[in-house]
Amino acid sequence: MIQIKETDSLGAAISTMRDKNISRLPVTDKSGGTTGIFESLDLVRERYRKDSGYGVDMESSNNPRRSGVTVDSYAPDEIPDYKIAVKSLMKDAPVTAIEGDKLAGPLKEALSRNMTSVIVIVTGK
């Protein structure tokens, strides 16, 4: 299973998702337990949140981060905090389901929590 640790950097998560062509990763703690899920959308949400400093009017001449921002930019090049731990951006308490169970309940819960994923746990592996 492809996963990352809570303490892994945002840059490592981005690299893993890019290299594996995936958009979300389970996040584990020191003991290997799943503690969250990191989605590429989490990065986008953080990137454009107004209070993050990245979501301010990018066209404003008063924006100190305006220089160097382009549509073709690579996120770790623009976001100086790419070394921060994944835990700071991941969604805590992921919605899970056991292999073979019906997904209607977990999917409904995920949607109610504004999540786009459910982690399916395969037992006996």
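**Exercise 1. Work out the order of helices and strands along the protein chain.**

Reading along the sequence, you meet β-α-β-β-α-α-β-β-α-β. Tally that up and the chain has 4 helices and 6 strands. Here helices (H or I, at least four residues) and strands (E, at least two) are DSSP runs, numbered from the N terminus.

A quick word on what you're looking at: this is a predicted model, where local features need pLDDT of at least 70, side-chain atom pairs count only at pLDDT 80 or more, and totals for chains, interfaces and linings use all residues. Residues are numbered from 1 along each chain as its sequence is written, and side-chain values use heavy atoms, with hydrogens and water left out.

**Exercise 2. Find how much of the protein chain is buried.**

Start with the term: buried means under 20% relative accessible area, exposed over 50%, and partly exposed in between (1.4 Å probe, protein chains only). Of the 125 residues, 31% are buried.

**Exercise 3. Track down the largest nonpolar core and see what feeds it.**

First, a nonpolar core is a set of buried Ala, Val, Leu, Ile, Met, Phe, Trp, Tyr and Cys residues joined through side-chain atoms within 4.5 Å. The largest one has 12 residues, including Ile4, Leu43 and Val86. Next, helix H1 (10-20) and strand E2 (24-28) each supply at least two of its residues. H1 gives the largest share, 4 residues. Apart from this core lies another, of 5 residues, among them Ile37 and Ala110.

**Exercise 4. List some residues that Val86 touches.**

Contact means heavy atoms within 4.5 Å. Leaving out residues up to four places away in sequence, Val86 touches, among others, Ile4, Leu10, Val27 and Phe38.
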